[in-house]
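Thanks for coming. I have one structure to go through today, so let me put it on the screen.

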Amino acid sequence: MSADSSYREKALAPRGIPAIMTKIFLVIVALSTLYPFIFLTSTALKSRDEYASNVLGPPEHLTTANFDYVWNELGVGLYVQNTAIVVLASVALILGVACPAGFALARFRFPLRQALLITLVSAMMIPVAVILIPEFQQVVNLGLLDKRVGLVLVYTSLNTPFAVFLMTAFFRGVDNNIVEAAYLDGASVLRTFLSIVVPLVRSGILTLATLTFISLWNEFLLSLLLLPSESQRTLTVGLAKLTSQYKIDITLLAAGLMVAALPPLIAFIVFQRFIVSGLSEGATK
Amino acid sequence: MVKAPQQHAPRTASMHPGLGGRPVRQRETLPAGARTRSKYTRLQRHEWPYAVMFLAPAVILFVTFELIPIVQGVKLAFSSWDGFNAPVFVGLKNFGTILHDPVFYTALKNNLVFLAATPLWVVFPLIIALLLQSRPRGWRVYRFLFMLPTVLSAVFTGIYFKTLLSYDGPVNQVLRDIGLGNFARGWLVEPNAVLIILIGIIMWSTFGVGTLVFMAALSNVDVELQEAALIDGASKIQVHRYVTIPSVRPTMQFWTVNVVIVTFTSLFPLIYVITGGGPGYSTYILEFSVYESAFSAGKFGVASATGVIMFVLVFIIAIAVFFGFKHRED
């Protein structure tokens with residue numbers, strides 16, 4: 001940090017009582033974000049009987065039986081598999097579709113460009129509820145109901161506007177001189193794109209991939225509608241159904257929830273720095 | 001890293017909607033006198049087929065799975081369909097049905113309540129970002145932790161809070177244990193309490209991203225201006241009020257529009273899991289009526305019409321908010 005910013009930061013920092021209050025406030029908020037994980041992990045590790053008597057404290061007799069049970073008996077293992085297939089395929093497809101499109105929109109000037117951008121932005125404003133039923137119709141018409149491929153295509157299409165929008169912003173940051181230089185050196189457009197430009201927006205791509213992964217992994221409505229049968233079901237739907245089906249006891253539910261929450265959490269931790277820098281870049285453009 | 005003296009590149013019209021034009025920063029790797037980047041080049045002859053090829057997949061997918069369904073949806077809004085027989089064109093009848101339905105107005109009112117909570121969802125992350133701006137010890141840890149709720153699914157958050165706030169749940173137990181048993185109640189089953197609780201839960205789920213966005217914006221505030229104000233004797237509050245906040249206006253505008261859109265498009269799964277629209281209709285938002293019309297009543301036409309109304313509402317409100325910011329010059 002240069003000398004400039006430290007002065008400003010020190011001068012604007014709260015002192016004395018406000019400083020202490022600030023600290024306390026931040027700690028309380030931080031604890032509130034941490035608590036779900038603490039509570040649900042500790043609950044998942046308790047047996048049903050122990051939870052009845054010991055709701056808040058740490059487990060006295062650790063047991064992983066809940067995890068075992070939800071994974072095997074309650075189908076969570078299958079749900080994880082389905083979700084993983086759908087989400088990973090969707091993310092890959094979204095990247096494959098949005099990167100070239102973003103590049104084209106960022107670099108080329110062609111007649112329909114403006115119209116396309118406006119359409120993209122408007123598309124991002126459409127509530128899922130509006131599009132749900134005709135989407136269902138369309139999927140049925142194409143014979144894709146209850147097929148994971150169908151959900152992958154729908155996810156990709158619905159996330160494309162935002163993804164293209166984001167990638168366009170990132171590609172704009174690439175200096176056109178580099179592209180021109182590559183052409184002068186004899187590279188084809190495709191080659192330039194793949195070998196030179198894409199690596200330059202690597203952190204943007206990773207940001208998009210991570211954010212999309214997390215949001216699709218947690219998606220509920222569309223997978224509920226488009227993958228109705230038990231064998232194709234995804235995690236969020238499966239867990240929701242478990243809650244309502246029979247009075248499932250909380251220790252099992254907690255185990256299921258923690259399993260479901262783990263991949264997005266890990267993805268976030270690993271790619272955190274990209275998201276932070278990616279969002280910071282985007283906000284200042 | 002030594003920062004070169006502030007040199008703004010000549011103002012190119014940044015096309016980023018929602019942020020307005022902002023001076024484009026010179027990349028630190030380029031020499032200070034580098035010529036202006038050309039923003040777009042005219043399509044060269046050899047690039048044409050590639051432009052088409054690069055855009056084609058996105059366009060095809062968009063048309064197939066978004067554009068066509070939207071058009072179908074709008075058509076459906078003017079028809080009556082039960083899901084089995086052929087749809088029958090009925091003109092504006094669906095809209096009439098909706099506008100005469102008291103439940104519609106209840107749902108609309110609930111949506112507007114959440115809309116009214118929007119300032120809270122914008123100001124809270126801003127405050128947190130300001131608090132973290134002075135880089136207290138461990139600020140990176142705070143930033144990380146604050147993002148955690150966004151990683152959770154609506155189902156997770158919903159079940160967590162449902163458990164926490166149930167009558168025999170941890171929160172009430174603690175209240176009873178410390179002698180405040182009178183305060184123990186069914187937090188999620190009392191119509192008055194539940195809306196407020198939901199607003200809090202939604203804020204908890206979403207403030208992390210806002211904090212990140214505002215932190216980025218804050219670090220771009222003109223340092224010299226802030227220091228000048230400090231040197232001139234302004235108090236910290238004054239510096240923030242007259243320098244910092246005005247500087248992050250564009251970001252506030254962007255984030256507010258974003259939150260408003262979220263209010264109409266993304267609240268459904270969470271509310272569905274936590275209260276299912278109840279108790280009664282106290283948390284029943286418009287999306288619920290789309291669902292019920294379609295899947296309980298088998299009136300797909302009415303459902304689509306509700307959807308159309310929702311979209312028009314979001315659009316108008318989002319535009320209003322966007323321009324509302326622009327004209328509020330102090």
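I will take confidence to begin with, then the interface, then some pairs and single residues.

What you see is a predicted model. Its scores are ipTM 0.81 and pTM 0.80.

Chain A has an average pLDDT of 84, and 93% of its residues score at least 70. Among the elements of chain A, the lowest mean pLDDT, 63, belongs to helix α1, residues 3-12. The highest, 91, belongs to α5(A).

For chain B the average pLDDT is 80, with 85% of the residues at 70 or above. Residues 1-39 of chain B have pLDDT below 50. That stretch still has 57 contacts in the model beyond near neighbours in sequence. Where pLDDT is low, the predicted coordinates should not be read in detail. Please keep that in mind when looking at the start of chain B.

Now the interface. How many residues of chain B are in contact with chain A? There are 104 of them, and they meet 109 residues of chain A. The buried area between the two chains is about 9,600 Å², and carbon and sulfur atoms give 74% of that. On the chain B side, helix α1, residues 48-77, gives the most to the surface touching chain A, with 18 residues. By residue class, the side of chain B that touches chain A divides into 70 nonpolar, 21 polar and 13 charged.

What about specific pairs across the interface of chain B and chain A? The rule finds 6 residue pairs in polar contact there, both residues at pLDDT 80 or more. It finds 0 salt bridges across that interface.

Over all chains, the structure holds 2 salt bridges. One that I can show you is A:Glu180 with A:Arg107, where the closest N and O atoms are 3.1 Å apart. Which parts of the chain does this pair link? A:Glu180 is in helix α9 of chain A, residues 176-184, and A:Arg107 is in helix α5 of chain A, residues 76-107. The two residues are 73 apart in the chain.

Next, aromatic pairs. A search of the whole structure gives 31 of them over all chains. One is B:Tyr160 with B:Trp204, which is stacked, at 6.3 Å centre to centre and 25 degrees between the planes. This pair also links distant parts of its chain: B:Tyr160 lies in helix α6, residues 154-165, and B:Trp204 in helix α8, residues 191-219, of chain B. The separation in sequence is 44 residues.

Last, two valines, one in each chain.

A:Val198 sits in helix α10 of chain A, residues 189-200. Leaving aside neighbours within four places in sequence, A:Val198 contacts A:Phe193 and A:Ile205. The C-alpha atom of A:Val198 is 9.3 Å from that of A:Pro100, which is 98 residues away along the chain.

B:Val308 belongs to helix α14 of chain B, residues 300-327. Which residues does B:Val308 touch, not counting those up to four places away in sequence? They are B:Val74, B:Ala77 and B:Phe95. As for B:Ile128, 180 residues from B:Val308 along the chain, the C-alpha atoms of the two are separated by 37 Å.

That is what I have for today.

Methods
Residues are numbered from 1 along each chain as its sequence is written. Chains are lettered from A and ligands numbered from 1 in the order in which they are written. This is a predicted model: local features need pLDDT of at least 70, side-chain atom pairs count only at pLDDT 80 or more; totals for chains, interfaces and linings use all residues. Side-chain values use heavy atoms; hydrogens and water are left out. Contact means heavy atoms within 4.5 Å. Buried area is the accessible area (1.4 Å probe) that two parts lose on being put together, summed over both. A salt bridge is a side-chain nitrogen of Lys or Arg within 4 Å of a carboxyl oxygen of Asp or Glu. A polar contact is a pair of N or O atoms within 3.5 Å; within protein, one must be able to donate a hydrogen and the other to accept it, and residues adjacent in sequence count only if both atoms are side-chain atoms. Helices (H or I, at least four residues) and strands (E, at least two) are DSSP runs, numbered from the N terminus. Ala, Val, Leu, Ile, Met, Phe, Trp, Tyr, Cys and Pro count as nonpolar, Asp, Glu, Lys and Arg as charged, and the others, Gly among them, as polar. pLDDT is the predictor's confidence in each residue, from 0 to 100. Rings of Phe, Tyr and Trp (its six-membered ring) pair if their centres lie within 6.5 Å; planes under 30 degrees apart count as stacked, over 60 as edge-to-face and the rest as tilted.
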